[in-house]
Amino acid sequence: MAANSNLSSPTDPLGREKDTKGIQLIEDMTRNADTVQKNFLSEILTRNSDTEYLKKFNLNGATDQETFKSKIPIITYDDIEPFVRRIADGDRSPILSSLPISEFIFSSGTSSGEPKLIPSGREESNRRHLLFSLMTSIINLHVNGVDKGKGLHFWFTKADIKTKGGIPARSATTSLFKGDLFKTRPYPHNMCTSPNEAVYCLDTYQSTYAQLLCGLYEREHIMRVGAIFASGLLSVIKFLKLNWEQLAHDIRTGSLNPKITDPPLRVCMTGIVRPDPELADLVARECASGDNWEGIITRIWPNTKILEMIVTGTMAQYIPTLDHYSGGLPKVSMLYGASECFFGLNLDPMCDPSEVSYTIMPNMAYFEFSPLKSEPDSPDQLVDLVDVEIGKEYEVVITNSSGLYRYRMGDVLKVTGFHHKSPKLQFVRRKNVLLNIDWEKTNEVDLQEAVGRAAELLREFGTSVVDYTSYADTSTIPGHYVIYWELQAPLKEDSCEKVIEQCCIAMEESLNPIYRLLRVDGSIGPLEIRVVKSGTFEELMNYAISKGGSIGQYKVPRCVSFKPIVDILDSRVLATSFSTSLPKSTRE
């Protein structure tokens with residue numbers, strides 16, 4: 001396998017001093033990926049040999065890969081949920097790990113409505129922070145001078161939920177930002193305009209307001225603007241549209257919005273606000289320009305070089321809107337991670353978002369890969385990290401330091417190349433996020449493409465799809481797909497039904513051949529689009545947050561089945577249309 005060229009250090013001596021250690025770690029890990037993986041597994045099996053879970057499988061002290069694979073089964077969350085529940089309820093015996101479980105990480109839980117509890121210890125937390133901290137070193141290699149400025153990053157945390165046994169449960173981002181390593185992060189990782197008091201404020205309005213206000217005061221020094229997800233940054237832009245007058249008032253007078261009532265945040269911000277009429281005039285001038293918000297990011301933060309956030313997977317749909325607001329700034333998608341573990345980094349951050357691949361860091365977990373199979377019942381033949389093949393798609397299976405052993409992640413990844421001995425992977429889709437009435441199995445990518453093609457019909461009517469989700473309605477006979485659309489601007493009443501009907505037809509023509517065959521056969525009913533009120537998807541986010549979700553980790557669910565979520569959507573429907581013709585179907 002051909003290895004990519006080495007990462008090189010910055011030519012600037014100061015940059016070299018700051019980033020050399022991080023870059024060297026990446027190089028060492030990826031050059032020795034096989035050895036790092038073997039050592040990682042051996043260390044975990046040695047440390048956890050007396051845990052209740054591993055003792056069931058009679059490893060008898062073996063720590064090699066072959067014995068591990070022959071005796072330890074591949075599992076899903078349902079297999080370990082009873083063990084997790086005992087830990088959550090207060091059982092302190094070594095059930096899954098010999099090290100204490102210091103917290104649980106919520107999975108996003110947006111598809112089923114109920115988050116999973118993923119056990120995590122201090123060591124796992126440190127690994128997440130390590131990968132997070134390496135991002136800046138990589139960016140400094142590729143973006144000239146960015147290390148001389150500051151970052152306006154919108155980060156949010158949520159209140160912990162205590163389990164019955166007193167262990168905190170939180171999102172992965174909240175865990176990251178509440179960790180001691182984040183609080184004491186060294187230069188250059190502390191070059192963010194958002195004070196910790198704003199990040200830790202649990203009220204979304206107050207936190208967003210304070211982070212924006214700090215960013216406005218530092219506008220000339222900002223070179224990076226970002227959030228965790230693309231949708232998060234767009235939420236901030238919407239917030240700015242609604243609150244710029246109050247922000248300008250505070251800047252003009254040197255006073256602080258009375259709605260900032262969180263005590264630590266108010267004390268912090270009182271020391272930051274100061275009268276700056278010239279800046280207030282600029283904010284008012286740029287934000288009061290009606291609907292002309294094109295390039296607003298660079299108009300307010302003129303030295304911005306990059307946008308930093310995840311724009312891969314379903315976040316890709318927000319790229320045109322980001323381009324509109326930023327004037328086409330490069331969009332840097334740096335990290336691939338999940339609640340169970342962080343995986344890897346994008347070592348080519350300035351590439352086009354459609355070409356982003358993440359190089360797996362072999363010190364994050366023990367990784368195995370299950371090739372996607374044409375025959376669902378055929379036995380699994382898992383391959384190791386260094387043995388995956390370019391061009392093939394796999395489901396990733398992990399063993400981590402907090403008690404997950406051969407755990408199916410459900411993420412489907414495509415191998416695009418290697419950096420030394422470590423594969424570069426492209427996220428394809430979530431394996432278990434599907435619309436399925438019969439046996440057509442429409443995946444997330446198919447759905448996104450069908451929505452995109454149908455939405456093209458809306459252009460001539462001056463509107464577009466702001467967001468969408470879907471639901472497999474099996475209450476009808478036959479069952480059918482329901483697609484919920486929120487539109488940027490309403491359609492005229494006299495044309496709405498006919499336009500959406502044409503969109504239904506276009507979507508069906510874009511779906512996979514099996515779907516179209518089953519539609520023609522009558523096994524699936526006509527596709528339905530339900531247009532919902534403006535703000536509906538914000539309502540869904542608020543619901544998720546009210547149930548313990550994190551605003552920083554929230555992603556719009558592309559398929560829903562959880563009744564309260566479906567009820568919210570159905571309560572806000574403005575118009576409904578069905579496909580009125582059968583799609584073309586080619587029989588073998």
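In what sense, parallel or antiparallel, do β1 and strand β5 pair, and over how many bridges? In this model, which I should say at once is a predicted one, β1 and strand β5 (residues 168-170) pair in the parallel sense, over two bridges, and isoleucine 105 stands opposite arginine 170 in β5. β1 also pairs with strand β2 (residues 117-120), here in the antiparallel sense and over four bridges, with isoleucine 118 of β2 as the bridge partner of isoleucine 105. As for the side chains of β1, which covers residues 103-106, Glu103 and Ile105 point one way while Phe104 and Phe106 point the other way, and all of them are buried.

Let me turn to helix α5, residues 77-88, where Tyr77, Ile80, Phe83, Val84, Ile87 and Ala88 are buried. Seen down the axis of α5, these buried residues fall within an arc of 140 degrees, and therefore they line one face of the helix. An α-helix has 3.6 residues a turn, so residues three or four places apart point the same way. What covers the buried residues of α5 includes β1 and β2, together with α3 (52-55) and β15 (407-419). After α5 comes glycine 90, whose phi is positive, near 120 degrees.

My last topic is a pair of helices, α11 (residues 230-253) and α13 (residues 277-287), which pack at an angle of about 160 degrees with their axes 8 Å apart. Since angles over 145 degrees count as roughly antiparallel, that angle makes α11 roughly antiparallel to α13, and the crossing of the two is left-handed. Among the residues that meet there are Leu240, Trp244 and Ile251 in α11, and Leu279, Val283 and Cys287 in α13.

Technical notes
Residues numbered from 1 in each chain as written. Predicted model: local features only at pLDDT ≥ 70, side-chain atom pairs only at ≥ 80, totals over all residues. Heavy atoms only, no water. Buried < 20%, exposed > 50% of the residue type's maximum accessible area, 1.4 Å probe, protein only. Pairing = 2+ DSSP bridges. Arc of directions from axis to C-beta. Contact = heavy atoms within 4.5 Å. Axes fitted to C-alpha atoms, helices over the stretch in contact; angles between N-to-C directions. Parallel < 35°, antiparallel > 145°, perpendicular 65-115°, else oblique. Left-handed = near helix turned anticlockwise from the far one by under 90°.
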